[in-house]
Amino acid sequence: MRKNIFIIIAFLSALATTPTPSLAEFCTNCDPNECTKTLNFTNPTYCTKQAITCLKDTCIKWCTECVSGYKLEQHIAQVEGCSNSPTVYSCVKESSGGGTEPEPDCDGTCDGCSTSPLLSYENLTADPGYAMADPWVCNTETCMCEPTWHFSCADGYYGTASCNNLPTLEGTRNCTGCTKCPTLGGVDAFTQRNLFVAPGGSSITDCFIKANIELNDSTGTYIFESNCNYKQ
């Protein structure tokens with residue numbers, strides 16, 4: 001009887017030391033054409049060359065080379081349900097004031113960014129009707145370049161854009177607030193009058209049909225001699 005007790009104790013001890021299986025598993029590579037999710041570390045404005053890593057059901061897009069003035073920054077890409085996390089890179093602005101700690105002798109300036117950068121908007125492909133500018137701005141108190149995000153309705157849309165700074169795994173920023181301008185005779189309207197302002201309009205009266213575009217309706221064919229704004 002004493003021998004059986006020792007056997008039971010030894011068996012229970014072995015169970016106690018057996019490691020609990022991890023919920024995450026090692027994920028093998030997959031076909032990028034069959035992905036249902038996207039994890040994006042790229043920006044076509046700054047990345048000159050890109051790569052794709054595919055794990056489980058997620059395509060991970062990342063940068064391998066950057067334009068002049070930008071450098072590769074390392075990230076660990078975490079895919080839900082996967083124990084392995086590949087190392088990937090994005091392109092970030094180079095700056096002597098771009099470290100993780102404030103400059104001890106900060107003179108109020110930064111290398112590689114300014115306090116009032118020119119905003120260059122790009123349409124968000126995952127959020128049609130919205131545009132974003134994301135310049136790095138100089139923090140004059142720390143002499144560090146810091147990322148900023150500016151959102152606008154895209155050209156041909158009006159309203160007040162509201163978007164998340166960081167995209168989801170699917171690439172969307174869950175933008176809301178913009179409405180497409182009405183068309184006229186099947187011709188789309190515009191809102192952006194020059195490249196140095198946000199592309200979207202604030203109200204429907206900012207929508208206009210460009211001059212010298214041929215239109216057709218029940219009255220016939222005609223062309224506006226100048227831009228024609230929507231009138232309420």
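Buried means under 20% relative accessible area, exposed means over 50%, and partly exposed lies in between; these words are used in that sense in the legends below, which describe a predicted model.

**View 1. An open sheet of three strands with mixed pairing.** The strands of this sheet follow the order 1-3-2, and its edges are formed by strand 1 (37–40) and strand 2 (47–55), each of which pairs on one side only. From one strand to the next the twist averages 25°. Strand 2 and strand 3 (residues 58–66) run in the antiparallel sense and are joined over eight bridges, and C47 is found opposite C66 of strand 3. In general, the strands of a sheet pair through backbone hydrogen bonds, in either a parallel or an antiparallel manner.

**View 2. The tilted aromatic pair of W62 and Y89.** The count of aromatic pairs in the model comes to three, and in the one formed by W62 and Y89 the rings are 6.2 Å apart, centre to centre, with 45° between their planes. Because W62 belongs to strand 3 and Y89 to strand 5 (residues 87–93), the pair ties together parts that are 27 residues apart in sequence. W62 has a relative accessibility of 16% and therefore counts as buried, whereas Y89, at 27%, counts as partly exposed.

**View 3. The edge-to-face pair of Y222 and F224.** The ring centres of Y222 and F224 lie 5.7 Å apart and the ring planes meet at 70°, so the pair is classed as edge-to-face; the cut-off that applies here is an angle over 60 degrees. Y222 is partly exposed, its relative accessible area being 23%.

**View 4. Positively charged side chains over the rings of F208 and F190.** R193 is placed over the face of F208, at 4.4 Å from the ring centre. The charged end of K210 is positioned over the ring of F190, 4.1 Å from the centre of that ring.

**View 5. The surroundings of T191, a residue in the loop between strand 12 (176–180) and strand 13 (208–209).** With a relative accessible area of 8%, T191 is buried. A polar atom of the T191 side chain lies 3.0 Å from the backbone nitrogen of G156. When neighbours within four places in sequence are left aside, the residues in contact with T191 include A154, D155, G156 and Y157, together with C181. Also among the contacts of T191 are P199, G200 and G201, as well as D206, C207 and F208; F208 is the residue whose ring face lies under R193 in the preceding view.

Notes. Residues are numbered from 1 along each chain as its sequence is written. This is a predicted model: local features need pLDDT of at least 70, side-chain atom pairs count only at pLDDT 80 or more; totals for chains, interfaces and linings use all residues. Side-chain values use heavy atoms; hydrogens and water are left out. Two strands pair if DSSP finds at least two bridges between them. Helices (H or I, at least four residues) and strands (E, at least two) are DSSP runs, numbered from the N terminus. Axes are lines fitted to C-alpha atoms, for helices over the stretch in contact, and angles run from 0 to 180 degrees between N-to-C directions. Rings of Phe, Tyr and Trp (its six-membered ring) pair if their centres lie within 6.5 Å; planes under 30 degrees apart count as stacked, over 60 as edge-to-face and the rest as tilted. Buried means under 20% relative accessible area, exposed over 50%, partly exposed in between (1.4 Å probe, protein chains only). A charge sits over a ring if NZ of Lys or CZ of Arg is within 6 Å of the ring centre and within 35 degrees of the ring normal. A polar contact is a pair of N or O atoms within 3.5 Å; within protein, one must be able to donate a hydrogen and the other to accept it, and residues adjacent in sequence count only if both atoms are side-chain atoms. Contact means heavy atoms within 4.5 Å.
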